[in-house]
Amino acid sequence: MSRAQPTRKLTPRQRRLWWSSAATVAGVGALAALVWWIDRARDTDRADARAGVSVEFARSVAGDSPLRFTDVAAASGLTMRHGVATRHRALPEDNGSGLAWGDYDGDGDWDLYIVNHSGIAHHGARPGNTHRLYRNNGDGTFTDVTVAAGVGDPDAFGMGATFVDYDDDGDEDLYVTNRGPNRLFQNQGDGTFIDVAARAGVNDPLWGTGTAWGDFDRDGHIDFYLCNYVTYDSEGLEPTVAQRGAGSSANPYEAPFTLNPNSYNAQPNRLFRNRGDGTFEDVTARCEVANPDGRSLAATFVDLDGDGWLDLFVNNDVSPNRLYRNTGGDFGPDEPVGFVDLSAVSGIADPRGAMGLSVAEIGDLAGIADGLPDLFITHWVTQENALYFSQLGAAGKLEYRDKTRQFDLGEISIDRVGWGCAFVDLDRDGRVDIAVANGSTLEQNEDALLLKPEPLFLFLNTGTTFRDVAPASGADAARLYAARGLAAADYDGDGDVDLALSCNQGAPVLLRNDSPTNHRSISLRLRGRAAFCRGAKVEVASGGRNQVRWWGADVSYLSMHAPEMIFGLGASTQADRIRVIWADGAVSEIEHVAAGAVTLDHAAAKPERK
Amino acid sequence: MVCHTISHVDQRGNADYVLTPPRKYVGELGDGAAKRVADFLIRAYPRQHLADYDRNILRTPEFCGACHKQFIPEALNRFGVSPAQNQFDEWRKSHWNHQQDPDSTLSCRDCHMRLVRDSRDPGAGEAGDLRRSADDGAHRHHGAIATNLFMADVLKLPHREEFTRLTREWLTGETVIPEIADLYPKGPIAPLEIHASADGAVAGQPLELQVVVRNRKIGHAFITGPLDFLRVWLHVRVTDRDGGVLNEWGAIDPQTRDILDEPGVIHQSGRSRDSGTLVLEGVPLDEAGRTILRHELWRKAGGTGQRTIFPGYADKQVYRVAVPATVRGPLTVTAELNFRRYRQDFLDRVVPEMERASGVFQPTITLTTATREIEVGDSSAAAQPRGALAP
């Protein structure tokens with residue numbers, strides 16, 4: 001039972017107190033609500049999370065370019081297509097093939113040989129692709145002379161090619177590496193070739209890739225080193241057309257093991273010594289340069305330490321690179337030439353996936369212009385390219401410093417798979433630039449039968465660093481390519497460097513250099529036995545700068561640049577001095593050389609001073 | 001806490017970040033009553049705390065990449081850039097990353113910092129985070145569950161049992177992360193396939209097996225990190241009908257606890273291609289070409305024997321079985337993919353007493369197992385053409 005409470009009246013003072021308290025509470029509440037609302041409005045959770053992320057490497061891409069390139073391949077008659085229309089997801093196909101410039105007919109302009117294959121045999125009918133030899137007509141066009149020349153080789157699974165006069169008869173022969181027996185096409189001097197590889201003892205049956213040509217024993221005959229890659233023992237095990245896209249938990253993307261070079265054992269390389277009678281002797285074991293655990297893709301003979309003997313550098317895929325120092329000069333003329341493995345002690349035993357290899361002296365960029373070869377190496381995706389500067393220590397120890405990042409070539413190349421490359425002066429300003437053919441080996445998410453194409457790099461040397469100008473050098477330079485081989489040549493004889501690319505499952509690309517510039521250049525050719533030319537050191541002094549390169553040492557990827565060096569002169573109209581130290585030590589030197597074509601003959605060189 | 005004070009990163013890696021110190025609450029650095037006051041204020045008014053410690057940049061993969069992208073610079077090794085671990089770019093170029101399609105992308109935190117539901121953390125909820133909302137009542141797990149399940153036990157860290165359990169589940173592919181279940185496959189992180197001739201084995205004839213390892217669920221290379229001591233390897237055994245072992249590769253030596261390429265043959269790092277079993281690893285070299293055994297990577301001038309698998313890709317190893325003429329079939333092939341946090345030789349050299357003193361010996365975790373039976377024909381079939389290897 002409840003009792004009614006008596007009603008109590010508030011006094012005016014109490015009423016005021018009550019109202020003021022209520023107003024205070026309400027005010028505080030309203031203030032709190034306002035603070036809460038403002039806070040909520042200030043909520044930064046949705047702000048751009050990447051606002052604090054910078055990508056400093058972006059500065060290595062230039063917004064404008066002095067270069068202009070135009071793809072004239074189809075218009076000039078280079079109309080072939082490479083490989084098979086449908087990939088079989090096989091390593092041999094995806095590694096692609098190269099191309100080579102050379103003057104097979106001796107008419108003075110550069111002809112082009114493009115290597116091809118018909119895909120993995122196990123998968124049935126093959127298109128019967130052949131390599132192609134295109135004769136330069138001298139008017140900017142080419143004629144396909146493959147059949148007449150006899151260098152098509154439809155059964156071959158082609159990889160790389162080199163024009164070289166191995167028999168010193170005055171015309172360019174052609175060595176072609178295959179996944180299978182290699183070919184040595186001997187030039188008959190009448191526009192035809194005959195394969196003499198078996199007779200010469202150089203029809204090595206392994207998976208041949210790059211070659212390095214040089215007279216390593218200085219007997220006057222050109223020798224060569226053959227890179228072999230891996231034993232691909234999965235023919236027929238490649239998944240067929242299973243196309244898997246990412247993004248589904250039930251069906252995630254899967255690349256087959258047949259694309260992974262690590263799945264396969266490396267094959268040993270070969271060193272062939274030219275006997276001078278048209279045959280070669282395999283001296284690999286004697287010289288201890290087989291590099292049996294290297295998955296080799298490129299190699300060069302060049303005098304890395306300046307002692308006058310050609311050393312050997314080998315690019316290996318997912319296995320450490322090798323540097324074999326030629327000790328020929330150490331033990332006198334009666335001792336056999338030997339090689340010492342200096343890979344680790346020189347700092348180049350790098351296990352990344354190395355593809356292309358270029359050589360030039362660029363030490364002036366880093367203030368260490370020592371006159372010795374520096375190296376540029378292209379790598380697989382996420383691995384960035386390498387720019388090795390040579391450095392001789394106090395005790396004469398040869399070492400390399402990788403300054404890729406210092407010169408803005410590192411981060412930008414992480415995204416790409418680099419292949420063919422060249423040290424070339426694209427704008428003829430007297431500074432050596434770098435061209436790189438890119439093309440991913442990663443499959444497209446939407447269609448696993450397609451690889452991701454990528455744009456080229458055209459790294460312009462600014463004098464202090466490199467800038468990629470490809471995106472601003474014309475639509476054809478900015479396009480995406482599944483590029484592999486890269487070979488440079490002044491094919492149209494206008495004094496600048498043009499670039500040819502081989503592309504997987506596509507047509508070749510011929511990027512004609514149409515850059516508007518007043519810069520002039522020296523186009524230098526050497527005349528003499530291949531043994532004297534290959535590895536010759538060429539110095540061109542002009543405008544206070546000394547450019548140094550080595551003849552035939554820039555080997556790209558499965559490719560060969562034209563045997564003509566284009567040295568830009570910048571604002572100068574002449575070279576102050578051209579000096580050639582031939583591979584046998586003889587020296588040619590001329591001064592005050594006007595811009596244009598120059599040929600130096602070994603016969604007129606001064607013999608090496610003993 | 002250092003991670004949470006990062007305000008700016010650059011994609012070049014090698015710890016290329018900027019730390020911005022947080023503003024302090026009253027008593028935050030004190031102890032006792034002052035600390036309790038600070039804790040109260042942080043919970044009562046967390047805005048400033050969140051602004052300083054929960055920066056949006058923490059949601060980006062580049063934030064993780066600031067440290068998970070490394071190279072040895074010239075200042076350390078004299079030779080210039082020598083690549084080290086780089087999980088960031090491996091992920092960035094993989095099929096897990098779709099730059100134009102965030103909904104299809106899985107990045108670092110999605111897998112390694114799964115959501116913890118029913119969170120009482122004042123920082124729970126994240127409006128700007130993909131697949132989350134401001135009121136999802138969850139925070140991200142900070143255990144960064146991956147492969148390190150050994151040291152927690154050795155150091156007797158708090159909650160180590162839970163940490164170890166989560167890590168084991170993670171390594172064996174049993175972890176289910178609900179918020180990414182539509183993108184992240186179920187099952188083993190690295191499944192195995194055993195390929196053998198479709199015709200089976202022939203008594204008295206060698207049999208070739210191929211074992212394929214696939215990086216199926218790992219967002220970066222498998223393995224990644226310090227390749228000089230992490231180890232993943234295949235243990236393959238072939239037995240006859242009675243369980244007799246015909247061949248074995250990848251067992252563990254009972255005395256040294258090293259990996260054996262074959263019985264009695266200790267695996268030499270970097271030689272996994274030529275013989276023995278498949279070992280995912282890498283071998284750093286110093287400037288004299290010697291193997292760096294104690295993780296002194298500042299001396300790294302080169303490397304060799306590196307074998308890892310890119311996301312979505314696969315690797316294979318060939319095993320050749322000597323099948324006796326008198327064998328009783330069928331043969332059973334068992335392949336196990338094993339993981340260890342440390343190369344045993346590394347522990348023995350660097351912390352030789354650690355395992356014994358702590359009473360914790362590093363475990364070997366079997367990530368995946370596959371088996372296959374192979375029928376055995378008699379030698380009269382040997383003259384027949386052999387079929388292709390088949391899965």
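Modeller: Begin with a definition: a residue counts as buried if 20 or more other C-beta atoms lie within 10 Å of its own, as exposed if 12 or fewer do, and as partly exposed in between. The model before us is a predicted one. In chain B, 39% of the 391 residues are buried.

Colleague: What share of the residues in chain A is buried?

Modeller: Chain A has 610 residues, and 57% of them are buried.

Colleague: Can we apply the definition to one residue? Is T332(B) buried, exposed or partly exposed?

Modeller: T332(B) has 16 other C-beta atoms within 10 Å, so T332(B) is partly exposed. T332(B) sits in strand β17 of chain B, which covers residues 331-340. Once neighbours within four places in sequence are set aside, the contacts of T332(B) are T239(B), T371(B) and E373(B). Separation along the chain can be set beside separation in space: G302(B) is 30 residues from T332(B) along the chain, and their C-alpha atoms are separated by 41 Å.

Colleague: How do I get an overall picture of each chain?

Modeller: Look at the elements, the extent and the contacts. Chain A contains nine helices and 38 strands, and its C-alpha atoms fill a box of roughly 135 × 60 × 50 Å along the principal axes. Chain B contains ten helices and 20 strands, and its C-alpha trace spans about 85 × 50 × 45 Å along the principal axes.

Colleague: And what do the contacts say about residues at least 24 apart in chain A?

Modeller: Take the contacts in chain A between residues at least 6 apart in sequence: 59% of these join residues at least 24 apart. For chain B, residues 24 or more positions apart account for 65% of the contacts with a separation of 6 or more.

Colleague: Now the strands. How should I read a sheet?

Modeller: In a regular strand, side chains alternate between the two faces of the sheet. For the pairing, follow the order of the strands. One open sheet of chain A has four strands, in the order β2-β31-β30-β29, with antiparallel pairing. Its edge strands are β2 (69-71) and β29 (483-489) of chain A, each of which pairs on one side only. On average, and with direction ignored, neighbouring strands of this sheet are turned by 25° against each other.

Colleague: How many bridges join β30 to β31 in chain A?

Modeller: Three bridges join β30 (residues 498-503) to β31 (residues 509-513) in chain A, and the two run antiparallel. L499(A) stands opposite L511(A) in β31(A).

Colleague: Where do two strands of chain A form a hairpin?

Modeller: β33(A) and β34(A) form one, with two residues between them. In the turn, G543(A) has a positive phi of about 55°. Six bridges join β33 (residues 537-542) to β34 (residues 545-550), again antiparallel. E539(A) has V548(A) as its bridge partner in β34(A).

Colleague: How do I read a nonpolar core?

Modeller: Find the residues with the most contacts inside it. The largest nonpolar core has 169 residues, and L458(A) is one of those with the most contacts inside it, as are L312(A) and A536(A). Leaving aside neighbours within four places in sequence, L458(A) is in contact with eight residues I can list: L67(A), L426(A), A435(A), D468(A), V469(A), A470(A), S473(A) and A477(A). Apart from the largest core lies another, of 55 residues, including V202(B), F229(B), Y313(B) and V333(B).

Colleague: What does each chain bring to the contact between chain A and chain B?

Modeller: The size of an interface is often given as the accessible area lost when the parts come together. Here we have residue counts: chain A gives 56 residues and chain B gives 56 residues. On the side of chain A that touches chain B, β1 (53-54), β22 (398-402) and α7 (411-414) each supply at least two residues. β22(A) gives the most, with four. That side divides into 23 nonpolar, 16 polar and 17 charged residues.

Colleague: Which strand of chain B pairs with β1(A)?

Modeller: β1 of chain B (residues 6-10) does, in the parallel sense and over two bridges. S54(A) stands opposite D10(B) in β1(B).

Colleague: How far can I trust the prediction?

Modeller: Check the scores. The model has ipTM 0.92 and pTM 0.93. In chain B the mean pLDDT is 91, and 96% of the residues reach 70 or more. Over residues 382-387 of chain B, however, the pLDDT is below 50, and this stretch has seven contacts in the model beyond near neighbours in sequence. Where pLDDT is low, the predicted coordinates should not be read in detail.

Conventions: Residues are numbered from 1 along each chain as its sequence is written. Chains are lettered from A and ligands numbered from 1 in the order in which they are written. This is a predicted model: local features need pLDDT of at least 70, side-chain atom pairs count only at pLDDT 80 or more; totals for chains, interfaces and linings use all residues. Two strands pair if DSSP finds at least two bridges between them. Two residues are in contact if their C-beta atoms, placed from the backbone, lie within 7 Å. Ala, Val, Leu, Ile, Met, Phe, Trp, Tyr, Cys and Pro count as nonpolar, Asp, Glu, Lys and Arg as charged, and the others, Gly among them, as polar. A nonpolar core is a set of buried Ala, Val, Leu, Ile, Met, Phe, Trp, Tyr and Cys residues joined through C-beta atoms within 7 Å. Axes are lines fitted to C-alpha atoms, for helices over the stretch in contact, and angles run from 0 to 180 degrees between N-to-C directions. pLDDT is the predictor's confidence in each residue, from 0 to 100.
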